Structure formats: C-alpha cells, structure tokens
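Me: I have just started reading protein structures, and I would like to practise on this one. Please take me through it feature by feature.

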Amino acid sequence: MSDSGNPDLLPGTLYLMVLRTLSRGPLHGYAIAQRIRDWSRGELLIEDGSLYPALNRMLVKGWLKAEWGISENNRRARFYRLTPEGRKQLERESNAFNKMIRAIQLVMRANQEAP
C-alpha cells in the first residue's frame, strides 16, 4: 500500500485480492498490482515491497504456481496462476472476509444507534 492517504489493508486482504485477481487467469506481478489499482478506482496501491513477498509466501503455501514468460512490453516476467489449492483458499478467504465485514457493519450500525 502507498502511504499517500490510502487506507491500511485489513490482515489477510492482500492474499484475498491477489487470489481474486488471479482467478481470472495468469498475470505477472506488475499486472496484478495494476488490476487491483484499477478495480479499486485508484484507492488501493499495492507496493512491490508488499506484493512480491506475499506472492512468494503464496507460492510456498502451494496456492500459486509461477512460470517465466514474456510480458506485453516484451520483457521477461514471472507469471503467477492459481493452483487448485489456491482456488480453495480463495473460497475460504472470501467467506472469512465477508463474515468479518458483516460483523464490522453490525458494530458500526449499533454505534450509530447508540445515544
């Protein structure tokens, strides 16, 4: 995330966003960050210092596979894709995230109703 006024990510949301982004097909790291930025209408800027360590952890966990290829700019790049385990993890992460968001919304609504 950038420090330029962007909200901090909730724990685990970077994994969730990367898994969701790759659910549409393989991408290289820069394209993953761009897709997240575009989908969030510029609100979420994922920095290399956060993205690449997360991608490496996800490779170790078996959620992703990586292959070298050529990017749209004719540069050598590492392309990441979801594994079957990564698809299962996306489902788990999505369910947990949605549950957490619903709980936060309940707290926020209760707070508004308080005297």
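Reply: Happy to! Let's begin with a single residue: Glu85 counts as partly exposed because its relative accessible area is 32%, which falls between the cut-off for buried, under 20%, and the one for exposed, over 50%. Keep in mind as we go that this is a predicted model.

Me: Which residue does the side chain of Glu85 meet in a salt bridge?

Reply: A salt bridge here pairs a side-chain nitrogen of Lys or Arg with a carboxyl oxygen of Asp or Glu. The partner of Glu85 is Arg92, with 2.6 Å from N to O. Arg92 is partly exposed too, at 41% relative accessibility.

Me: How many salt bridges does the count come to?

Reply: The count is 2. Arg37 and Asp38 form a salt bridge as well, and their closest N and O atoms lie 2.6 Å apart. Arg37 is partly exposed at 29% relative accessibility, and Asp38 is partly exposed with a relative accessible area of 45%.

Me: Let me step back to the whole chain. What pattern of helices and strands does it follow along the sequence?

Reply: A good habit is to count the elements and then read them in order. The protein chain has 4 helices and 3 strands, and their pattern along the sequence is α-β-α-α-β-β-α.

Me: In what order do the strands sit in the sheet?

Reply: The general idea comes before the case: strands of a sheet pair through backbone hydrogen bonds, either parallel or antiparallel. In this model, the 3 strands make an open sheet with the order β1-β3-β2 and antiparallel pairing. β1 and β2 stand at the edges with a single partner strand each, so one side of each has no neighbour in the sheet.

Me: How many bridges join β2 to β3?

Reply: Strand β2, residues 64-70, pairs with β3 over 7 bridges in the antiparallel sense. You can follow the pairing residue by residue: Trp68 has Arg78 in β3 as its bridge partner, and Ile70 stands opposite Arg76 in β3. On the other side of the sheet order, 2 bridges join β1 (residues 27-28) to β3 (residues 76-82), again antiparallel. There, Leu27 stands opposite Tyr80.

Me: What do β2 and β3 form together, and which residue in the turn has a positive phi?

Reply: They form a hairpin with 5 residues between the two strands, and Asn74 in the turn has a positive phi of about 65°. Here is the background: most residues other than glycine have a negative phi. That makes a positive value in a residue other than glycine, like that of Asn74, worth looking up. Asn74 is exposed, with a relative accessible area of 67%.

Me: Where else should I look for a positive phi?

Reply: Try Arg41, with a positive phi of about 55° although it is not a glycine. Arg41 is in the loop between α2 (29-39) and α3 (48-61). Its relative accessibility is 78%, so Arg41 counts as exposed.

Me: Now the helices. Is helix α1 mostly covered or mostly open?

Reply: To judge that, ask how many of the helix's residues are buried. α1 spans residues 13-22, and 9 of its 10 residues are buried, so under the 20% cut-off the helix is mostly covered. Among the buried ones are Leu14, Tyr15, Leu16 and Met17. As for its place, α1 lies across β1, β2 and β3, running at about 95° to β3.

Me: Which residues make the nonpolar surface patch?

Reply: Met100, Ile104, Val107 and Met108 make the patch, which covers about 340 Å². Met100 sits in helix α4, residues 84-113, and is partly exposed with a relative accessible area of 32%.

Me: Finally, what share of the residues in the chain is buried?

Reply: Of the 115 residues in the protein chain, 32% are buried. The accessible surface comes to about 7,700 Å², and 51% of that belongs to carbon and sulfur atoms. To see how the chain folds back on itself, check the contacts: among those between residues at least 6 apart in sequence, 53% join residues at least 24 apart.

How values were computed
Residues are numbered from 1 along each chain as its sequence is written. This is a predicted model: local features need pLDDT of at least 70, side-chain atom pairs count only at pLDDT 80 or more; totals for chains, interfaces and linings use all residues. Side-chain values use heavy atoms; hydrogens and water are left out. Two strands pair if DSSP finds at least two bridges between them. Buried means under 20% relative accessible area, exposed over 50%, partly exposed in between (1.4 Å probe, protein chains only). Patches are made of residues with over 30% relative accessible area and no salt bridge: like charges are joined within 9 Å, nonpolar side chains (Val, Leu, Ile, Met, Phe, Trp, Tyr) within 5 Å. Accessible areas come from the Shrake-Rupley method with a 1.4 Å probe; for residues, only the protein chains shown count as cover. A salt bridge is a side-chain nitrogen of Lys or Arg within 4 Å of a carboxyl oxygen of Asp or Glu. Contact means heavy atoms within 4.5 Å. Axes are lines fitted to C-alpha atoms, for helices over the stretch in contact, and angles run from 0 to 180 degrees between N-to-C directions.
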